[in-house]
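Please open the model in your viewer and keep the selection panel at hand. The stops below go from the whole chain to one pair of helices and then to the core.

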Amino acid sequence: MGAFALLALAAAALLLAAASPDSRPAAQAGIHQAAARTAHALPYRQRPPPAAQPVSRVPAGRSAIRVPILMYHYIRYNPDPRDVLGFNLSVTPSDFAMQMDWLAANGYHPIDFDDLRGYLLGQAVLPERPVVLTFDDGYRDLYTTAYPILRAHGFKAVSYVVSGFVGRSTNVTAEQVLEMDANGIQIGVHTVSHADLTKLSGGGLWHEVYDSKVALEALLGHPVLDFCYPSGRFDDAVVRAVQAAGYLTATTTQPGVVHTAADRYVWTRVRVGGGESLEQLVADLGQPEPAERVTAPPAPQQPLHGPPRRPITLPLLAPPEALAAGWRPNEGALP
Ligand SMILES: [Zn+2]
């Protein structure tokens, strides 16, 4: 059969398809339904580097790397001038936007703990000047104020959520946690009630460390692997519980920017407080981890939270250490 005959056959097939009564409307209706289902999930992806352009990366294989983990709490104008503690935990929205502008303009790349764990496991390289933006406690202004600014910059971040506070008027709602999780904000765990873990033992400790994990995993439908000690309070028993509960990392409030796999349950952070000057923050970031320039093909488009997370199957098996300590599965549900 000649090329002409093939073309004629193809044209006839096209005409038939166009004439068939409702094949097209049905397909279009399917597309519209799919669009309606996903209308809330706005596209939020990092731009890949241009083709075969030189890019700067932190090459694989370093066991200790400088990655400042910034620690934020409120992003707000502190409502009570006499509240010194509140002021020190509050970065104003304009200061926060300025800090994000500065990071973007100076070549910093916010990553999350999937990225950092992946690097330390030797599974991934990091972009140059990596930094982690963490927000403790899950205050409502994380969603209303910080999240839009982060999205405008295409930045990833990490939110350490107190599971028992979800849905309070001062804190994020379950729907907001779900939306942020789907759009570049990695969810970490900050206990059930922001308790001082060094004052707890046995079932009480396990309730704070493990029920919070169970509750957030049930909400999100995937593992939640990163923990943050409330008020930076931890001791050996607390670290052992966090480890046995299945977390892979935990952060403190102790200052520092160098991290290794070996100290992943006591990672240090850089506190960003109220009224801090940009110069102070820049000084706290310190020298960036040395990067090397490579000519690389464009990276495949990835969701902002990195490689696909493993789905989980509920119910989870409780750690034997938890059961031995008297913990019982009872209060894991979100309020
Ligand atoms: Zn906290």
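The tour starts with the whole protein.

This is a predicted model, in which local features need pLDDT of at least 70 and side-chain atom pairs count only at pLDDT 80 or more, while totals for chains, interfaces and linings use all residues. Residues are numbered from 1 along each chain as its sequence is written.

Colour by secondary structure, and you should find eleven helices and 15 strands, both taken as DSSP runs numbered from the N terminus (helices H or I, at least four residues; strands E, at least two). Of the 335 residues, 36% are buried, that is, 20 or more other C-beta atoms lie within 10 Å of their own, with C-beta atoms placed from the backbone.

Next select residues 202-220, helix α8, together with residues 236-244, helix α9, whose axes come within 10 Å and cross at roughly 45°; axes are lines fitted to C-alpha atoms over the stretch in contact, and angles run from 0 to 180 degrees between N-to-C directions. Show the side chains of Leu205, Trp206 and Val209 in α8, which meet Val238, Ala241 and Val242 in α9, a contact being C-beta atoms, placed from the backbone, within 7 Å.

Keep Val242 selected and add Leu70, Tyr72, Val132, Leu133, Leu142 and Val161, the residues with the most contacts inside the largest nonpolar core, which has 72 residues; such a core is a set of buried Ala, Val, Leu, Ile, Met, Phe, Trp, Tyr and Cys residues joined through C-beta atoms within 7 Å. Helix α8 gives the most to this core, with eight residues.

Finally, centre on Leu142, which, leaving aside neighbours within four places in sequence, is in contact with Ile75, Phe135, Tyr147, Ser159 and Val172.

Notes. Contact = placed C-beta atoms within 7 Å. Buried ≥ 20, exposed ≤ 12 C-beta atoms within 10 Å, placed from the backbone.
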